[in-house]
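User: I would like to go through this structure one point at a time. Please keep the answers short and give each cut-off once.

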Amino acid sequence: MRASGKVNVVGLLIVGAIAAGAYWAAIVGPLYVDNMDVSETVASTFNQKGLRNEDFLREQLTRGLKGLRLGTHEEYDRSTGEMKTVAGLDIPDEQIIVKDDVVRKELLIRVSYKREVTLWPSKKKRLVPFVVERKGAY
């Protein structure tokens, strides 16, 4: 029989794992939820591949990504001269690739972006890269 008051190492490991999972879910989890919305927008655009041309698909994808009011990013406010946090992902057009190969009848849609996360309690900032890609024949 074990004496009362002793610490069980397995119990400590389980509590530590639960705490680490809760920390990840609170700090990093929302980034992955936002990435699921980006994936859904890419899939929606990809599903129209046979009906539209490359320029229309790029425009629709860009509009769809800018229309998502998820996540935040920092922008320079010229009126105040300070950085401010605004809603949206702000994915530059250079990171949105839409290639239509008419010879092979394949379409490639790729969105790559980085999200900044502030770790607590250290307040350190880290960049988390994401790539959403859809490729297939039509």
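User: Is M36 buried or exposed?
Analyst: M36 sits in helix 2. Helices (H or I, at least four residues) and strands (E, at least two) are DSSP runs numbered from the N terminus. Buried means under 20% relative accessible area, exposed over 50%, and partly exposed in between, with a 1.4 Å probe and protein chains only. At 53% relative accessibility, M36 therefore counts as exposed.

User: What kind of model is this?
Analyst: Residues are numbered from 1 along each chain as its sequence is written, and side-chain values use heavy atoms, with hydrogens and water left out. Local features need pLDDT of at least 70, side-chain atom pairs count only at pLDDT 80 or more, and totals for chains, interfaces and linings use all residues, since the model is predicted.

User: What distance separates the C-alpha atoms of M36 and V132?
Analyst: M36 belongs to helix 2. Along the chain, M36 and V132 are 96 residues apart. Between their C-alpha atoms the separation is 9.1 Å.

User: Which strand gives the most to the largest nonpolar core?
Analyst: A nonpolar core is a set of buried Ala, Val, Leu, Ile, Met, Phe, Trp, Tyr and Cys residues joined through side-chain atoms within 4.5 Å. The largest one has 22 residues, and V38, L61, L65 and V111 touch the most other members. At least two residues each come from helix 2 (29-46), helix 3 (54-67), strand 3 (96-101), strand 4 (106-118) and strand 5 (125-137). With 5 residues, the top contributor is strand 4.

User: Which residues does L61 touch, leaving out those up to four places away in sequence?
Analyst: L61 is one of the core members that touch the most others. Contact means heavy atoms within 4.5 Å. By that rule, and beyond four places in sequence, L61 touches T41, V42, T45, I96, V98, I109 and V111.

User: Which residues does T62 touch, under that sequence limit of four places?
Analyst: T62 is found in helix 3. Its relative accessibility is 16%, so T62 counts as buried. Not counting residues up to four places away, T62 touches D93 and I96.

User: What is the geometry of the Y32 and F130 aromatic pair?
Analyst: Rings of Phe, Tyr and Trp (its six-membered ring) pair if their centres lie within 6.5 Å; planes under 30 degrees apart count as stacked, over 60 as edge-to-face, and the rest as tilted. The whole structure has 3 aromatic pairs. Y32 and F130 lie 5.1 Å apart, centre to centre, with 75° between the planes, and the pair is edge-to-face.

User: How many residues apart are Y32 and F130?
Analyst: Y32 is partly exposed, with a relative accessible area of 37%, whereas F130 is buried at 4%. Both belong to one aromatic cluster with W24 and Y113. Y32 is in helix 2 and F130 in strand 5, and the pair links distant parts of the chain, 98 residues apart.

User: Why does the salt bridge of D34 and R115 tie together separate parts of the sequence?
Analyst: A salt bridge is a side-chain nitrogen of Lys or Arg within 4 Å of a carboxyl oxygen of Asp or Glu. The structure holds 6 of them, and in the D34 and R115 bridge the closest N and O atoms are 2.8 Å apart. D34 is buried at 10% relative accessible area, as is R115 at 8%. The pair ties separate parts together because D34 lies in helix 2 and R115 in strand 4, 81 residues apart in sequence.

User: Which strands does the salt bridge of E133 and R110 link?
Analyst: The side chains of E133 and R110 meet at 3.3 Å, N to O. E133 is partly exposed at 44% relative accessible area, and R110 is partly exposed at 31%. The two residues are 23 apart in the chain, with E133 in strand 5 and R110 in strand 4.

User: What is the omega of the peptide bond from W120 to P121?
Analyst: P121 lies in the loop between strand 4 and strand 5. Most peptide bonds are trans. The bond from W120 to P121 is cis, with omega near 5°.

User: What is the phi of K123?
Analyst: K123 is found in the loop between strand 4 and strand 5. K123 counts as exposed, at 57% relative accessibility. Although K123 is not a glycine, its phi is positive, at about 65°.
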